[in-house]
Amino acid sequence: MDMNTDHGLPDTTVSVRQALGIDSDLRVPAFSERTEHVPAIDEAYRFDRDVTLAILAGFSQNRRVLVQGYHGTGKSTHIEQVAARLNWPCVRVNLDGHISRLDLVGRDAIVMKDGQQVTEFQEGILPWALQRPVALIFDEFDAGRPDVMFVIQRILERDGKFTLLDQNRVINPHASFRLFATANTIGLGNLNGLYHGTQVLNQAQIDRWNIVSKLNYLAPEAEASIVNARVPAMQERADGQALVNSMVALAALTRDGFIAGDVSTVMSPRTVITWAENIAIFDDVTKAFELSYLNKCDDAEHSIVAEYYQRALGEELSSSIAHHGE
Ligand SMILES: Nc1ncnc2c1ncn2[C@@H]1O[C@H](COP(=O)(O)OP(=O)(O)OP(=O)(O)O)[C@@H](O)[C@H]1O
Ligand SMILES: [Mg+2]
């Protein structure tokens, strides 16, 4: 498939049940060839049914899909891993406060042409992606600067045309251009205090997303199966399965403790995976816990975290660690 503007239309279909392992008889459009920008397939990936069906509607019906949820729950990688299985080229742009309007749209640059210095407009990622069969993911959508968000507003419209003012050009989106976003908040700002730097989004902005899908913490057994899939070394341990279940149970305690205001650092699914990876590296559950999570916590909260550790793993977190800094 030529990544440039001419063809780039899906030329086959895949069974959602076979390709993604979720319970559905759907067949969705896909590309038969793997090309540049198609993400690598992660065989250990476990798809959440509802979020995946929402993302698939994004690809097959050209819906604008926003996936919202706590950090490390799999929002960005869900979209990428669906694209990987549809052979759909996919590019991620992180909208944290550093991305400017010029980064997105493009700017004039001085280039050498036939030995001469000339000024030439260099397209930014947005016009580049819009003209190609590419799925563009705006990560941390709720951290985008207002000037950047207004640029995006236009392409969220139904026809999604984009005017390159500097070039007096109107760009029509490629038929296989797709737009997704991920966010930790729903655009009402950092209500729970976890997501510093997120903005209150203009409601007209949120309104333009056709589908808002929530991906929060999965059921403990689903999270445990992800940890086991991601860190096969855990299954080689005699206590492997029981240990992973206890680690997921501890993560749940930190999440409830956060909601209750007892702790200010939650253990995300990403952190549970990291803890398991560190266990494999250091062959020491407590040490790995300290390095993956405890050291990210406020010293004043170490004793309550030690209590969670005792409740979930049934053993004491050594007093030197538990009372560090008191
Ligand atoms: N369902 C899953 N199956 C396998 N691995 C997963 C799954 N969900 C998350 N992970 C792993 O957890 C990590 C975090 O996932 P991801 O980056 O997608 O989270 P996120 O929700 O986008 O987080 P953030 O809000 O911080 O951007 C990744 O390493 C990913 O591989
Ligand atoms: Mg993400």
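**Ligand 1 and the largest pocket**

In this predicted model, threonine 77 puts a polar side-chain atom 2.5 Å from an oxygen atom of ligand 1. Once the protein is in place, 87% of the 630 Å² that ligand 1 exposes on its own gets buried. Threonine 77 isn't alone in reaching for the ligand's oxygens: lysine 75 has a polar side-chain atom 2.7 Å from one oxygen atom of ligand 1, and for arginine 270 the corresponding distance to an oxygen atom is 3.0 Å.

The shell around ligand 1 runs to 18 residues, and those that come nearest are Arg46, Gly72, Lys75, Ser76 and Thr77. As for where the shell comes from, three helices each chip in at least two residues: α3, spanning 75-85, α8, spanning 220-230, and α11, spanning 269-282. It's α3 that hands over the largest share, with four residues. In character, the shell splits into eight polar, five charged and five nonpolar residues.

Stepping back to the surrounding space, ligand 1 takes up what turns out to be the largest pocket. That pocket holds about 630 Å³ of space. Its lining counts 33 residues, and Gly72, Thr73, Gly74, Thr77 and Arg270 are the ones that lie nearest the centre. Thr77, then, shows up both among the residues that come nearest to ligand 1 and among those nearest the pocket centre; Gly72 is likewise named for the ligand and for the pocket.

The secondary structure behind the lining includes a strand: β10, covering 178-183, supplies at least two residues, and so does each of α3, α8 and α11. Here too α3 leads, giving six residues to the lining, the most of any. Sorted by type, the lining of the largest pocket comes out at 12 polar, 11 charged and 10 nonpolar residues.

How values were computed
Residues numbered from 1 in each chain as written. Chains lettered and ligands numbered in written order. Predicted model: local features only at pLDDT ≥ 70, side-chain atom pairs only at ≥ 80, totals over all residues. Heavy atoms only, no water. Near = heavy atom within 4 Å. Polar contact = N/O pair within 3.5 Å; in protein donor to acceptor, adjacent residues only side chain to side chain. Areas by Shrake-Rupley, 256 points an atom, 1.4 Å probe, with all protein chains shown as cover. 1 Å grid on protein atoms, 1.4 Å probe; cavity = no way out; pocket = protein on both sides within 12 Å on 5 of 7 lines; lining within 4 Å. Sits in = over half its atoms within 2 Å of the grid points. Nonpolar A, V, L, I, M, F, W, Y, C, P; charged D, E, K, R; others polar. Points joined across faces, edges and corners; volume = space filled by probe spheres on them.
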